[in-house]
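I opened this notebook to look up how aromatic rings sit beside one another and beside charges. My entries follow in the order in which I looked.

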Amino acid sequence: MNAPIDHLVRRRIRHHSERTRPTIVHCYNEYTRHLNAGATTLIIDSGPDHWLELGHIPDSVDVTITGQTCAAVTGGSITAASRCFLQATNHARVSAYDFAHVEAFDTTTIDAHGESRIVGTDHADIRADEHAIVFAHCHCHVHAAGHTRIAATDTTTVAIDGDAHVRASAGVRITGDRQSTNLTIDTRPINRLADHLNR
(Lines give C-alpha, C1' and ligand atoms only; values in the text may rest on other atoms or scores of the structure.)
Protein backbone atom coordinates (compact mmCIF):
# COMPACT_ATOMS: atom_id res chain seq x y z
CA MET A 1 0.00 0.00 0.00
CA ASN A 2 1.47 3.32 -1.03
CA ALA A 3 0.94 6.16 1.42
CA PRO A 4 -0.12 9.53 -0.04
CA ILE A 5 2.46 12.28 -0.35
CA ASP A 6 2.12 14.44 2.74
CA HIS A 7 1.54 18.19 2.79
CA LEU A 8 5.17 19.07 3.57
CA VAL A 9 6.43 17.13 0.56
CA ARG A 10 3.82 18.81 -1.65
CA ARG A 11 4.99 22.19 -0.37
CA ARG A 12 8.64 21.28 -1.11
CA ILE A 13 7.62 20.11 -4.60
CA ARG A 14 6.01 23.48 -5.36
CA HIS A 15 9.25 25.31 -4.55
CA HIS A 16 11.18 23.50 -7.30
CA SER A 17 11.42 25.23 -10.65
CA GLU A 18 9.85 23.65 -13.72
CA ARG A 19 13.20 22.39 -15.00
CA THR A 20 13.86 20.49 -11.76
CA ARG A 21 10.38 18.99 -11.39
CA PRO A 22 10.75 16.03 -9.01
CA THR A 23 10.42 12.46 -10.20
CA ILE A 24 8.45 10.09 -7.96
CA VAL A 25 9.88 6.57 -7.83
CA HIS A 26 8.53 3.43 -6.19
CA CYS A 27 11.38 0.91 -6.32
CA TYR A 28 15.16 0.68 -6.45
CA ASN A 29 15.25 -0.03 -10.20
CA GLU A 30 13.30 3.17 -10.91
CA TYR A 31 15.61 5.07 -8.56
CA THR A 32 18.80 3.94 -10.34
CA ARG A 33 17.27 4.41 -13.80
CA HIS A 34 16.30 8.03 -13.10
CA LEU A 35 19.59 8.69 -11.32
CA ASN A 36 21.57 7.40 -14.31
CA ALA A 37 19.40 9.51 -16.63
CA GLY A 38 20.48 12.66 -14.80
CA ALA A 39 17.47 13.34 -12.55
CA THR A 40 18.27 16.00 -9.96
CA THR A 41 15.16 15.77 -7.76
CA LEU A 42 13.74 12.41 -6.68
CA ILE A 43 10.92 11.51 -4.30
CA ILE A 44 10.95 7.89 -3.17
CA ASP A 45 7.62 6.43 -2.02
CA SER A 46 7.98 2.66 -2.11
CA GLY A 47 5.85 1.46 0.80
CA PRO A 48 6.97 -0.63 3.79
CA ASP A 49 7.39 -3.95 1.95
CA HIS A 50 10.72 -3.11 0.24
CA TRP A 51 14.11 -2.34 1.78
CA LEU A 52 16.05 0.11 -0.40
CA GLU A 53 19.84 0.29 -0.11
CA LEU A 54 20.37 3.70 -1.70
CA GLY A 55 24.12 3.92 -1.07
CA HIS A 56 25.79 7.32 -1.17
CA ILE A 57 23.43 10.06 -2.36
CA PRO A 58 25.23 12.19 -5.00
CA ASP A 59 25.71 15.83 -4.00
CA SER A 60 23.93 17.01 -7.14
CA VAL A 61 20.71 15.09 -6.37
CA ASP A 62 17.90 16.21 -4.03
CA VAL A 63 16.35 13.02 -2.58
CA THR A 64 13.26 12.86 -0.36
CA ILE A 65 11.95 9.61 1.05
CA THR A 66 8.34 9.69 2.13
CA GLY A 67 5.28 7.58 2.84
CA GLN A 68 6.27 4.37 4.59
CA THR A 69 9.45 3.83 2.62
CA CYS A 70 12.22 1.83 4.37
CA ALA A 71 15.72 2.74 3.20
CA ALA A 72 19.40 3.10 4.05
CA VAL A 73 21.96 5.67 2.92
CA THR A 74 25.73 5.60 3.35
CA GLY A 75 26.42 9.29 2.86
CA GLY A 76 25.20 12.39 1.08
CA SER A 77 22.13 14.48 1.92
CA ILE A 78 18.53 13.31 2.14
CA THR A 79 15.16 14.49 3.40
CA ALA A 80 13.05 12.00 5.38
CA ALA A 81 9.34 12.79 5.68
CA SER A 82 5.96 11.30 6.49
CA ARG A 83 6.34 7.91 8.27
CA CYS A 84 9.42 6.58 6.53
CA PHE A 85 12.20 4.58 8.19
CA LEU A 86 15.80 5.48 7.38
CA GLN A 87 19.20 4.18 8.47
CA ALA A 88 21.94 6.76 7.84
CA THR A 89 25.69 6.13 8.12
CA ASN A 90 29.09 7.43 7.05
CA HIS A 91 28.70 11.22 7.46
CA ALA A 92 25.21 11.34 5.91
CA ARG A 93 23.16 14.52 6.43
CA VAL A 94 19.45 14.05 7.08
CA SER A 95 16.58 16.49 7.54
CA ALA A 96 13.72 14.62 9.24
CA TYR A 97 10.11 15.86 9.26
CA ASP A 98 6.65 14.66 10.25
CA PHE A 99 6.87 11.21 11.91
CA ALA A 100 10.00 9.98 10.14
CA HIS A 101 12.09 7.45 12.08
CA VAL A 102 15.85 7.75 11.57
CA GLU A 103 18.67 5.62 12.98
CA ALA A 104 21.89 7.64 12.80
CA PHE A 105 25.38 6.11 12.93
CA ASP A 106 28.98 7.11 12.15
CA THR A 107 29.03 10.89 12.59
CA THR A 108 25.75 11.36 10.73
CA THR A 109 24.19 14.83 11.09
CA ILE A 110 20.44 15.01 11.74
CA ASP A 111 18.09 18.01 11.76
CA ALA A 112 14.97 16.65 13.45
CA HIS A 113 11.67 18.52 13.11
CA GLY A 114 8.00 17.81 13.64
CA GLU A 115 7.47 14.61 15.61
CA SER A 116 10.32 12.72 13.99
CA ARG A 117 11.99 9.99 16.05
CA ILE A 118 15.76 9.72 16.05
CA VAL A 119 18.07 7.06 17.48
CA GLY A 120 21.65 8.33 17.47
CA THR A 121 24.90 6.49 18.14
CA ASP A 122 28.61 6.56 17.18
CA HIS A 123 29.23 10.33 17.31
CA ALA A 124 26.00 11.34 15.55
CA ASP A 125 25.23 15.08 15.71
CA ILE A 126 21.53 15.77 16.24
CA ARG A 127 19.72 19.11 16.24
CA ALA A 128 16.17 18.54 17.48
CA ASP A 129 13.35 21.06 17.65
CA GLU A 130 9.55 21.25 17.59
CA HIS A 131 8.33 17.94 19.09
CA ALA A 132 11.08 15.58 17.94
CA ILE A 133 11.96 12.56 20.07
CA VAL A 134 15.61 11.49 20.42
CA PHE A 135 17.36 8.56 22.06
CA ALA A 136 21.12 9.20 22.06
CA HIS A 137 24.06 7.13 23.22
CA CYS A 138 27.72 6.37 22.46
CA HIS A 139 29.34 9.82 22.05
CA CYS A 140 26.38 11.59 20.41
CA HIS A 141 25.93 15.33 20.57
CA VAL A 142 22.34 16.58 20.86
CA HIS A 143 21.09 20.17 20.68
CA ALA A 144 17.66 19.98 22.29
CA ALA A 145 15.29 22.87 21.51
CA GLY A 146 11.56 23.42 21.21
CA HIS A 147 9.47 20.84 23.04
CA THR A 148 11.70 17.89 22.18
CA ARG A 149 11.99 14.83 24.38
CA ILE A 150 15.50 13.47 24.80
CA ALA A 151 16.81 10.32 26.51
CA ALA A 152 20.61 10.29 26.65
CA THR A 153 23.13 7.87 28.09
CA ASP A 154 26.79 6.79 27.85
CA THR A 155 29.10 9.68 26.97
CA THR A 156 26.53 11.79 25.14
CA THR A 157 26.56 15.60 25.33
CA VAL A 158 23.21 17.41 25.45
CA ALA A 159 22.82 21.16 24.99
CA ILE A 160 19.47 22.23 26.44
CA ASP A 161 17.64 25.17 24.89
CA GLY A 162 14.07 26.26 25.51
CA ASP A 163 11.47 23.82 26.82
CA ALA A 164 13.18 20.56 25.84
CA HIS A 165 12.60 17.63 28.22
CA VAL A 166 15.82 15.73 28.88
CA ARG A 167 16.30 12.54 30.84
CA ALA A 168 19.96 11.59 31.12
CA SER A 169 22.11 9.02 32.86
CA ALA A 170 24.85 10.18 35.21
CA GLY A 171 27.66 10.12 32.60
CA VAL A 172 25.97 12.53 30.19
CA ARG A 173 27.46 16.02 29.85
CA ILE A 174 24.79 18.72 30.06
CA THR A 175 25.33 22.24 28.68
CA GLY A 176 23.01 25.18 28.15
CA ASP A 177 20.21 25.67 30.67
CA ARG A 178 21.59 23.41 33.42
CA GLN A 179 18.91 24.58 35.84
CA SER A 180 16.09 23.49 33.57
CA THR A 181 13.11 22.07 35.42
CA ASN A 182 12.76 19.67 32.50
CA LEU A 183 16.11 17.97 33.21
CA THR A 184 16.17 14.66 35.05
CA ILE A 185 19.33 12.73 35.91
CA ASP A 186 18.39 9.05 36.03
CA THR A 187 20.47 6.07 37.15
CA ARG A 188 18.20 3.43 35.65
CA PRO A 189 19.46 1.05 32.94
CA ILE A 190 19.47 2.11 29.30
CA ASN A 191 16.27 0.23 28.36
CA ARG A 192 14.33 1.82 31.23
CA LEU A 193 15.73 5.24 30.34
CA ALA A 194 14.33 4.98 26.82
CA ASP A 195 10.85 4.07 28.08
CA HIS A 196 9.95 7.67 28.85
CA LEU A 197 10.14 8.56 25.15
CA ASN A 198 7.02 6.51 24.50
CA ARG A 199 4.91 8.15 27.19
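**Aromatic rings, entry by entry**

I began with Tyr28, which at 38% relative accessibility counts as partly exposed, and I kept in mind that the model I am reading is predicted.

I then turned to Tyr31, which is buried, its relative accessible area being 3%. Both tyrosines belong to helix 2 (residues 28-36), where they stand three residues apart, and so about one helical turn separates them.

How many aromatic pairs does the structure hold? I noted two aromatic pairs. For Tyr28 and Tyr31 I wrote down a distance of 6.0 Å between the ring centres and an angle of 40° between the planes, so this pair is tilted. An angle of that kind is called tilted because it is neither under 30 degrees, which would count as stacked, nor over 60, which would count as edge-to-face.

Next I looked up Trp51 and Phe85, an aromatic pair that is also tilted, with 6.0 Å from centre to centre and 45° between the planes. Trp51 lies in strand 3 (residues 51-55) and Phe85 in strand 7 (residues 85-88), so I recorded that the pair ties together parts 34 residues apart in sequence.

Are these two rings buried or exposed? I found Trp51 partly exposed at 39% relative accessibility, and Phe85 likewise counts as partly exposed, at 22%. The value for Phe85 is not under 20%, so the word buried does not apply to Phe85.

My last entry concerns a charge: the charged end of Arg83 sits over the ring of Phe99, at 4.3 Å from the centre of that ring.

Definitions and conventions:
Residues numbered from 1 in each chain as written. Predicted model: local features only at pLDDT ≥ 70, side-chain atom pairs only at ≥ 80, totals over all residues. Heavy atoms only, no water. Phe/Tyr/Trp six-rings, centres within 6.5 Å; stacked < 30°, edge-to-face > 60°. Helix = DSSP H or I, 4+ residues; strand = E, 2+ residues; numbered from the N terminus. Buried < 20%, exposed > 50% of the residue type's maximum accessible area, 1.4 Å probe, protein only. Lys NZ or Arg CZ within 6 Å of the ring centre and 35° of its normal.
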